[in-house]
Amino acid sequence: MALLEILKYPDPKLRRKCKPVEQVTPELKEFAANMLETMKSFNGIGLAAAQVDRLDRLIVLDTRRPEGDDAEARYELGGETELEKKITQPLVLINPVIKKKQGKTTYNEGCLSVPSYFEVVERALLIDVEAMTLDGEKIAFQTDGLLAICIQHEIDHLDGKLFIDRLSPLKSSRVKAKIKKFGYPDPDEDDGENDVTDSHIEL
Ligand code: ZN
């Protein structure tokens, strides 16, 4: 397995629209495994192929809450919902489509392509999803909680959209201008005192 390089905003490659996967090949399976490894190595809970410079409609997710003292602080939505518990994770979804959205929820989102920036985004609360698995099987399920938020965030990536596009126009342009001006903190120079990523999660 290998770690993949994650593209960062404002890389224009993140704006490309991904194409449906027509066939699950051994190479695609290996790529999905590399995506999961990459996501975990950065403590992310979701990753879309678009973020690692590949234009396939494929996302990986693992939103299971960790055990431990900081779990509650990091996962402000609390424990897994009953619907989330029904889904076996980590999850690899090929050609995911949201067939139905219900209700609204908000979450302080981050993104591995926009590291160390966090903003509250509104998403649907409950979603009906259809996708294909790595075994080529079609699946359909309904979910909510952090998993539903993360799936919506990752599908946005497949359409060239970032969570910072979903803020109010004023806030969106402020955040984008700030990133373009100051860039991202260097993880190697992290002194641990001002580490936002310790208390939030990136999708
Ligand atoms: Zn993201």
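**Fold and zinc site of the predicted model**

The protein chain exposes about 10600 Å², of which carbon and sulfur atoms supply 49%. The structure is a predicted model. Of the 203 residues in the protein chain, 48% are buried. The secondary structure comprises five helices and seven strands, and the order of these elements from the N terminus is α-β-β-α-α-β-β-β-β-β-α-α. When contacts between residues at least 6 apart in sequence are considered, 73% of them join residues at least 24 apart.

The zinc ion has as its protein donors Cys 111 (SG), His 153 (NE2), His 157 (NE2) and Leu 203 (O), at 2.1 to 2.5 Å. Along the chain, these donors of the zinc ion are spaced as C-x41-H-x3-H-x45-L. Cys 111 and Leu 203 are 92 residues apart and link distant parts of the chain: Cys 111 belongs to the loop between strand S4 (105-109) and strand S5 (119-123), whereas Leu 203 belongs to the segment after helix H5 (169-182). The angles among the four donor atoms span 93 to 144°, and the site of the zinc ion is irregular. The tetrahedral class is not met because it requires all angles to lie between 85 and 135 degrees, while the angles at this site reach 144°.

Two of the donor residues were examined for accessibility. Cys 111 has a relative accessibility of 0% and therefore counts as buried. Leu 203 is likewise buried, its relative accessible area being 0%. Another cysteine, Cys 18, has a relative accessible area of 5% and is also buried. The count of disulfides is zero.

Strand S4, which precedes the loop that holds Cys 111, includes Thr 105. Thr 105 counts as buried because its relative accessibility is 16%, and the limit for that class is under 20%. Apart from neighbours within four places in sequence, Thr 105 contacts Val 121, Glu 122, Arg 123, Ala 124, Leu 125 and Ile 149. Among these partners, Val 121, Glu 122 and Arg 123 fall within the range of strand S5 (119-123).

Pro 12 is located in the segment before helix H1 (26-41). With a relative accessible area of 63%, Pro 12 is exposed. The C-alpha atom of Pro 12 is separated by 9.1 Å from that of Gly 160, although the two residues are 148 residues apart along the chain.

Conventions:
Residues numbered from 1 in each chain as written. Predicted model: local features only at pLDDT ≥ 70, side-chain atom pairs only at ≥ 80, totals over all residues. Heavy atoms only, no water. Donors = N, O, S within 2.8 Å, 3.2 Å for Na, K, Ca; no water. Tetrahedral: all angles 85-135°; square planar, octahedral: opposite > 155°, others 65-115°. Helix = DSSP H or I, 4+ residues; strand = E, 2+ residues; numbered from the N terminus. Buried < 20%, exposed > 50% of the residue type's maximum accessible area, 1.4 Å probe, protein only. Disulfide = S-S within 2.5 Å. Contact = heavy atoms within 4.5 Å. Areas by Shrake-Rupley, 256 points an atom, 1.4 Å probe, with all protein chains shown as cover.
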